[in-house]
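Here are some notes for a colleague who is opening this structure for the first time. They are arranged as numbered points, to be read with the model in view.

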Amino acid sequence: MVRMQYQVLLFYKYVTIENPKELVASYKALCAKYNLKGRTIIAEEGINSTLEGLVEDTENFLKEFLLDARFSDMQIKRSHGEGDSFPKLSVKLRPEIVGTRFPKEVDPTKKTGKYLKPEELRKWYEEDKDFVVVDMRNSYEFESGHFKKSIDPGMDASRELPEKIAKIKEAVKDKTVLTVCTGGVRCEKMSAYLLHEGFDENKVYQLDGGMHSYMEKFPGKDFLGTLFTFDDRLVMDFGGEREVIGMCKRCGVKNEQYQNCANAECNMLFLICNDCMSSEGPGFCSEKCEKSTVRVVQRMRG
Ligand SMILES: [Zn+2]
Ligand SMILES: [Zn+2]
């Protein structure tokens with residue numbers, strides 16, 4: 001029997017979409033035509049999409065979709081899938097493609113951090129240049145893997161960046177800054193936000209194509225651990241020699257498996273190993289969650 005070969009696509013673009021509702025409908029139809037599943041957000045400011053299907057179907061989808069002049073220059077990232085990365089096809093209309101709630105003037109099509117190619121970043125590492133990587137993902141994504149020389153601002157969601165600016169300024173001082181995220185879509189806005197907050201525009205860069213592009217080109221290099229994904233694969237790597245840096249939140253053993261917090265209101269992903277899972281169940285992401293749930297139960301009993 002021939003084994004079916006699946007592929008996951010990841011792409012985005014900030015471009016004004018005059019009638020996003022219309023695009024939602026036509027995009028949904030096009031994905032369905034090629035039996036693709038995945039998650040897509042369309043807004044007036046652009047598109048952010050990740051899709052999975054048979055390799056041939058995903059490539060034929062791209063041929064057709066990229067005929068649209070608004071999207072023809074998009075950078076497409078490809079990775080291996082098993083056909084079960086997404087439960088279904090979801091295409092949603094939202095106010096933003098990344099939920100930042102930044103002021104309107106933070107517009108990456110007008111002003112954003114300078115693009116740094118993966119090859120240039122490789123050189124920075126080789127030369128041991130003095131720079132700071134500001135990881136613009138959420139903390140739970142940072143925990144299973146990140147670049148060397150990184151700081152984690154400590155966000156649970158992208159809209160929290162404004163609260164973290166003082167901490168970032170403190171860590172960066174007057175050094176060169178490189179913002180990074182999975183595929184680049186968050187950094188477009190987040191590096192723009194740093195400029196809006198008075199960071200020196202000659203010293204703020206964003207990694208072109210994000211971690212995904214870097215790991216495709218330089219597997220196992222400069223990135224410690226594994227890359228968190230927002231699909232059912234949860235983490236991925238591109239081979240190469242790499243170090244596991246994720247740690248079980250409960251026992252501290254090296255581990256790259258995620259679980260959702262048992263507090264339904266939190267539902268945050270955290271790292272927990274198989275042994276702890278089987279002995280105590282998934283449990284809670286933090287002491288705070290454990291206590292708050294207990295309080296809810298007690299109140300109900302009372
Ligand atoms: Zn454990
Ligand atoms: Zn929790």
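**Notes on the metal sites and one lysine**

1. Along the sequence, the donor residues of the zinc ion (ligand 2) follow the spacing C-x4-C-x18-C-x3-C. Please keep in mind here and below that the model is a predicted one. The residues behind this pattern are Cys261, Cys266, Cys285 and Cys289, each of which offers its SG atom, at 2.2 to 2.4 Å from the zinc ion (ligand 2).

2. The geometry of this site can be stated plainly: the 4 donor atoms around the zinc ion (ligand 2) subtend angles of 103 to 113°, and the arrangement is therefore tetrahedral, given that four donors count as such if all angles lie between 85 and 135 degrees.

3. Where do cysteine 261 and cysteine 285 lie? Cysteine 261 belongs to the loop between strand E15 (258-260) and strand E16 (269-271), while cysteine 285 sits in the loop between helix H8 (274-280) and helix H9 (287-301), so that the pair ties together parts 24 residues apart in sequence. Cysteine 261 is buried, its relative accessible area being 4%, and cysteine 285, at 15% relative accessibility, also counts as buried, because the cut-off for that term is under 20%.

4. The zinc ion (ligand 1) has as its protein donors the SG atoms of Cys248, Cys251, Cys273 and Cys276, which lie 2.3 to 2.4 Å from it. Their spacing along the chain is C-x2-C-x21-C-x2-C, and the 4 donor atoms subtend angles of 106 to 113°, which makes this arrangement tetrahedral.

5. Within the site of ligand 1, cysteine 251 is found in the loop between strand E14 (235-236) and E15, whereas cysteine 276 is in helix H8, so this pair ties together parts that are 25 residues apart in sequence. As for accessibility, cysteine 251 counts as partly exposed at 45%, while cysteine 276 is buried, with a relative accessible area of 7%.

6. Turning to another part of the chain, lysine 77 lies in strand E4, which covers residues 77-81. Which side chain of opposite charge is nearest to lysine 77? That side chain is aspartate 208, at a distance of 7.0 Å, and lysine 77, although buried, has no salt bridge.

7. What the side chain of lysine 77 does reach is the backbone oxygen of glycine 183, at 2.8 Å. Leaving aside neighbours within four places in sequence, lysine 77 is in contact with Val8, Leu9, Leu10, Tyr12, Gly183, Gly209, His212, Ser213 and Glu216, so that Gly183 appears in this list as well as in the backbone contact.

Key:
Residues numbered from 1 in each chain as written. Chains lettered and ligands numbered in written order. Predicted model: local features only at pLDDT ≥ 70, side-chain atom pairs only at ≥ 80, totals over all residues. Heavy atoms only, no water. Helix = DSSP H or I, 4+ residues; strand = E, 2+ residues; numbered from the N terminus. Buried < 20%, exposed > 50% of the residue type's maximum accessible area, 1.4 Å probe, protein only. Lys, Arg positive; Asp, Glu negative; His and termini not counted. Salt bridge = Lys/Arg side-chain N within 4 Å of Asp/Glu carboxyl O. Polar contact = N/O pair within 3.5 Å; in protein donor to acceptor, adjacent residues only side chain to side chain. Contact = heavy atoms within 4.5 Å. Donors = N, O, S within 2.8 Å, 3.2 Å for Na, K, Ca; no water. Tetrahedral: all angles 85-135°; square planar, octahedral: opposite > 155°, others 65-115°.
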